[in-house]
Amino acid sequence: MSLNLTAAGLADHKAWEAAGYALPSYDREAMITRTKESPCWVHFGAGNIFRAFQANTAQELLNNGTFDRGVIVAEGFDTEIIRDMYQPHDNLSILVTLKADGSVEKTVVGSIAESLATDTADSPDFARLKEIFTKDSLQMATFTITEKGYSLKNGAGELLPSVAADFAAGPSSVTSYMGKVASLLYERFLAGEKPFAMVSTDNCSHNGEKLSLALTAYASAWEENKLVQPGFLSYLQNPEKVSFPWTMIDKITPRPDGSIEKILEENGLADAQSIVTSRHTYVAPFVNAEECQYLVVEDHFPNGRPPMEKSGWIFTDRETVNKTERMKVCTCLNPLHTALAVFGCLLDYELISEEMKNPVLKKLVERIGYIEGLPVVTDPGILSPKQFIDEVLNIRIPNPFMPDTPQRIATDTSQKLSIRFGETIKSYLASPELSLSDLQAIPAVFAGWLRYLMGVDDNGDAFELSPDPLLATVRPYVQDLKLGAPADRETLSKTLAPLLSDASIFGVDLIFAGLSDRVLDAFVSMLQGPGAVADTLAALTAQF
Ligand SMILES: NC(=O)c1ccc[n+]([C@@H]2O[C@H](COP(=O)([O-])OP(=O)(O)OC[C@H]3O[C@@H](n4cnc5c(N)ncnc54)[C@H](O)[C@@H]3O)[C@@H](O)[C@H]2O)c1
Ligand SMILES: O=P(O)(O)OC[C@@H](O)[C@@H](O)[C@H](O)[C@H](O)CO
């Protein structure tokens, strides 16, 4: 028996149910027709978390009858995802939920009504998106496009060439990602200044503000260059018309894993293989994710919204979202992840859960979370920081059934250090009660990142660095260093000074903050020879 993940294949629902899959319980064809006629929800970024979280939310609302339309997904960065994975499977995907007790739940998610590859602004798919953006029924766009997706500048602080070109050319011939989004909003403005919510659900601090600032930059440039009708900028800046709610999203969604692929194939699924696209997205007909999930959202939707609270989303005010997001991204989850990512790559781990069996690494992340991070967390009231971190460190990250890898989490580390660690350092600097001398583990992570950038593991073997937009800028600082032949401490201090003082990477100027010596000491120690990273961490954590 072979299970084909297509609309036709799903018709044999008995076979799917016999193989243990939960299926959409609504009339999918009717849902697709309704959604195309009266679209409500567009999502940008067709990656794994979208299919595991937002698309499954839509499915739950459809299943329980609290909403009648699905999601339209737009992919403007890596359109291979759409062409090679969504379209061959009629926009269906399988969500494999990996529970901490080892059991596995398999769900066919059918809530994606349409998938659009918007690589160029003159494509039919982009024309369709423009049409969608003029509809009265459209209520919101959500985003999972990674933090760098919102960035208009390069590492040197200069406008990206595509952004500068779009600023000069106007909304009719955009090529940059945010330029395309801004031109869609311009369509909505021209169609009668229709209300709308733009909802970033990426892991970045003040994500709504980030999205708003990026789009406002286009609107300002276009108005200044007289490329749009007057009023577009005011429309974007009028919260009664266009809102940019802040959110906190949490659900560990590893890349599709070979072990899950095997289970599904043994279960009869045809064509379960994952691929890595040329833009480095790991994608398969299935996504694998943990069961635990949180989406905390500022409740500001000028044109209304689907009842996502029926699927567990928590709606609240901006201040509460902010506290919750800081709790998770700056302290209770993501810094621990990044520490395990950097040292996992150096110490040859391929699973985060395996790293948690190493007492030194466990102690390191416990120190970062409980001792160095927790004192600066403001309790958001809706989730307890202590309980949250307990769950992360004792249940979620060590879950042996979660195939999460340090290599995935090490992606874009240069973009993450500032929010994941810099905010804590800033709080220490600002507090008369807290002492910077208590920050011991965080500087070691920075040292670990410098050591990671050498692309040589703790055995002295070369490894491939995960993609990162700043690699070309930051690697040259360390790439000539040799393990076992450490550079002189003074010379190293001078060579690394421009990097260590770069507040755009670390959140603060580490030299000014008085932390650079601690980073350098740990880095020099990690350079001593094979095994030096493990030795440095063992010596450091022995003092905790
Ligand atoms: N995976 C998780 O555990 C998880 C959990 C919570 C939040 N998130 C957030 O979601 C984001 C995406 O995670 P994912 O698991 O879907 O990753 P993924 O690699 O599966 O997909 C990445 C998505 O971002 C797009 N993208 C990448 N670079 C881009 C750029 N420069 N401009 C525009 N789009 C770009 C890709 O085309 C793709 O749609 C993360 O960066 C994070 O902010 C992820
Ligand atoms: O998704 P990123 O690249 O921002 O960060 C990698 C992980 O830390 C992240 O995806 C976590 O799994 C997620 O934040 C859990 O909610």
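These exercises work through two ligand sites and two annotated domains in a predicted model.

**Exercise 1. Which residues surround ligand 2, and how do they divide by class?**

Step 1. List the shell. It consists of N203, D250, K251, I252, K328, N334, H337, R408, I409, K416 and R420.

Step 2. Sort by class. The shell has 6 charged, 3 polar and 2 nonpolar residues.

Step 3. Place the shell on the helices. α13 (334-346), α17 (406-409) and α18 (413-430) each supply at least two of its residues.

**Exercise 2. Find polar contacts of ligand 2 and state how much of its area the protein covers.**

Step 1. Apply the cut-off: a polar contact is a pair of N or O atoms within 3.5 Å.

Step 2. Check the side chains. An N or O atom in the side chain of N203 is 2.8 Å from an oxygen atom of ligand 2. For the side chain of K328, the distance from an N or O atom to a ligand 2 oxygen is 2.7 Å.

Step 3. Check the backbone. K251 places a backbone N or O atom 3.0 Å from an oxygen atom of ligand 2.

Step 4. Turn to area. On its own, ligand 2 has 400 Å² of accessible area, and the protein covers 82% of it.

**Exercise 3. Why does ligand 2 lie between domain 1 and domain 2?**

Step 1. Note the bounds. Domain 1 spans 7-290 and domain 2 spans 318-542.

Step 2. Draw the conclusion. Ligand 2 lies between the domains because both give residues to its shell.

**Exercise 4. Describe the surroundings of ligand 1.**

Step 1. Start with the shell. There are 23 residues around ligand 1, and N48, E75, D202, N203 and T253 come nearest.

Step 2. Sort by class. The shell divides into 9 polar, 8 nonpolar and 6 charged residues.

Step 3. Look at the ligand's oxygen atoms. A backbone N or O atom of N48 is 2.9 Å from one oxygen. A polar side-chain atom of D202 lies 2.8 Å from an oxygen atom of ligand 1.

Step 4. Look at nitrogen. R408 has a side-chain N or O atom 3.2 Å from a nitrogen atom of ligand 1.

Step 5. Add the area. Ligand 1 alone exposes 820 Å², of which the protein buries 85%.

**Exercise 5. Set out the helix and strand content of the two UniProt-annotated domains.**

Step 1. Take residues 42-310. An unreviewed UniProt entry annotates them as "Mannitol dehydrogenase N-terminal". This stretch is 33% helix and 20% strand. Its end C-alpha atoms are 19 Å apart.

Step 2. Take residues 323-476. The unreviewed UniProt annotation here is "Mannitol dehydrogenase C-terminal". The stretch is 60% helix and 0% strand, with end C-alpha atoms 37 Å apart.

Note on methods:
Residues are numbered from 1 along each chain as its sequence is written. Chains are lettered from A and ligands numbered from 1 in the order in which they are written. This is a predicted model: local features need pLDDT of at least 70, side-chain atom pairs count only at pLDDT 80 or more; totals for chains, interfaces and linings use all residues. Side-chain values use heavy atoms; hydrogens and water are left out. A residue is near a molecule or strand if one of its heavy atoms lies within 4 Å of it. A polar contact is a pair of N or O atoms within 3.5 Å; within protein, one must be able to donate a hydrogen and the other to accept it, and residues adjacent in sequence count only if both atoms are side-chain atoms. Accessible areas come from the Shrake-Rupley method with a 1.4 Å probe; for residues, only the protein chains shown count as cover. Helices (H or I, at least four residues) and strands (E, at least two) are DSSP runs, numbered from the N terminus. Ala, Val, Leu, Ile, Met, Phe, Trp, Tyr, Cys and Pro count as nonpolar, Asp, Glu, Lys and Arg as charged, and the others, Gly among them, as polar. Domain bounds come from an automatic or database domain assignment. UniProt positions are given in the numbering used here, feature names are shortened, and annotations may be inferred rather than shown by experiment.
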